Amino acid sequence: MRRWTQSKTVDIKQSFLNRRQLLQAGLLLGVTGAGAIGLSQLWRSRGRSTTVTIPPLPQEEMHHGAGISPLKVLREFDYGTVTQENGRTVREFRVEAQTGELQLNKSTKFITWNLNGRVPGPTFRATAGDRIRVIFYNKAGHSHSLHFHGTHPAAMDGVKPVRNGNVFIYEFDAEPYGVHLYHCHVAPVTRHIGKGLYGMFIIDPPQPRPPADEMVLIMAGYDTNGDNKNELYAFNGMPHAYMHQPIPIQQNQLIRLYVLNMIEFDPVATFHLHANLFRVNPTGRLLEPSYEADVITMGTAERHILEFSFKETGKFMFHPHQDGIAEAGCMGYFDVISGLPS
Ligand SMILES: [Cu+2]
């Protein structure tokens with residue numbers, strides 16, 4: 001597999017140096033074999049230069065499906081590279097679509113289509129009103145795209161395939177605040193999502209939510225034999241991960257879970273927490289949660305913020321209450337350790 005280990009310089013046609021044209025033309029630049037970190041510099045250069053120097057991707061972004069650390073995915077938020085342009089905050093994210101192999105359990109290997117070697121992809125995070133710029137490199141060997149939920153212009157809707165070896169820059173305002181998602185929108189979408197091209201996109205309200213131990217839980221399925229059914233399921237990409245490695249949380253600590261149902265083939269999935277109730281903030285569109293439950297039902301792509309704390313220490317399960325989904329990998333534990341006084 002070709003990797004971007006060195007800086008490269010590519011020639012870009014003069015006509016590509018106009019930002020408006022870039023956006024209108026869909027920004028499909030033929031830079032096969034080279035990255036394009038410098039593309040945003042390119043459009044600032046406004047036609048003065050015809051070459052762009054492309055720095056290498058950071059090493060940690062380059063492992064090809066080498067592995068997922070579910071405990072890392074849980075609390076890792078990608079706030080992008082922040083700059084100020086014309087008085088507003090711009091967050092620039094760089095992602096590379098790749099093909100990788102994932103060992104789902106002792107006997108099952110799965111070929112993923114992923115972002116930056118991760119399934120799920122990075123959790124992008126911004127504040128409402130920020131400008132979002134996602135530089136999407138497709139190195140996965142097939143056409144892919146990134147379609148974001150939330151609001152944006154039609155040209156940024158991500159339904160147009162980006163061919164292998166090409167780059168597309170998605171740029172739009174982060175609106176509205178809430179918990180959103182992104183995924184590849186190349187047909188068949190079920191397959192492109194099922195193979196791993198999805199992730200969460202959190203937009204914080206202008207006034208931050210109260211401090212909490214925040215984490216991401218994305219439910220997904222794996223069709224490992226191509227029969228259009230899921231044989232395995234997972235939170236954050238790895239079946240049974242949080243059974244093997246329970247999630248440590250503190251007693252009496254406010255927990256804020258960003259949950260997303262990304263399971264294809266099954267029309268809905270529920271989420272249930274043991275020995276507690278959570279407060280539900282539907283799609284994160286409220287400043288405060290609006291009701292209490294211990295089971296919620298989510299259609300595919302539906303997502304919510306759930307808030308709770310545990311008074312008691314010990315291990316407590318969470319899982320969809322469709323037990324077949326839970327027992328096939330979508331199940332985990334919180335390990336509540338003595339911590340904050342009540
Ligand atoms: Cu795709």
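**Exercise 1. Find how β4 and strand β7 pair, in which sense and over how many bridges.**

Solution. Begin with β7, which covers residues 131–138 and pairs with β4 in the parallel sense over 8 bridges; two strands count as paired if DSSP finds at least two bridges between them, and strands are DSSP runs of E of at least two residues, while helices are runs of H or I of at least four, both numbered from the N terminus. Then locate a single position in this pairing: Arg 91 stands opposite Ile 132 in β7. This is a predicted model, in which local features need pLDDT of at least 70 and side-chain atom pairs count only at pLDDT 80 or more, whereas totals for chains, interfaces and linings use all residues. Residues are numbered from 1 along each chain as its sequence is written.

**Exercise 2. Trace the antiparallel partners of β4, beginning with strand β3 and continuing with strand β5.**

Solution. First, β3 (residues 81–85) is joined to β4 (residues 88–105) by 5 bridges, and the two run antiparallel; within this pairing, Thr 83 has Val 90 in β4 as its bridge partner. The hairpin of β3 and β4 has 2 residues between the strands, and Asn 86 takes a positive phi near 50° there. Next, β5 (residues 108–115) is joined to β4 by 8 bridges, again in an antiparallel run. β4 and β5 likewise form a hairpin, with 2 residues between them, and Asn 105 has Thr 108 in β5 as its bridge partner.

**Exercise 3. Work out which strands stand at the edges of the open sheet of 4 strands, and why one side of each is left without a neighbour.**

Solution. Write down the order, which is β6-β11-β10-β8, with mixed pairing. The edges are β6 (124–127) and β8 (147–148), and because each has a single partner strand, one side of each is left without a neighbour in the sheet. For β8, look at strand β10 (residues 178–183), with which β8 pairs in the antiparallel sense over 2 bridges; here His 147 stands opposite His 183.

**Exercise 4. Decide how many residues of strand β12 are buried, and describe its pairings.**

Solution. Count a residue as buried if 20 or more other C-beta atoms, placed from the backbone, lie within 10 Å of its own. In β12 (residues 213–222), 8 of the 10 residues are buried, so this strand is largely enclosed by the rest of the structure. Of the 342 residues of the protein chain, 44% count as buried. Turning to the pairings, 7 bridges join β12 to strand β15 (residues 255–261) in a parallel run, where Met 219 stands opposite Asn 261. A further 4 bridges join β12 to strand β13 (residues 232–235), which runs antiparallel to β12, and Tyr 222 stands opposite Leu 232.

Technical notes
Buried ≥ 20, exposed ≤ 12 C-beta atoms within 10 Å, placed from the backbone.
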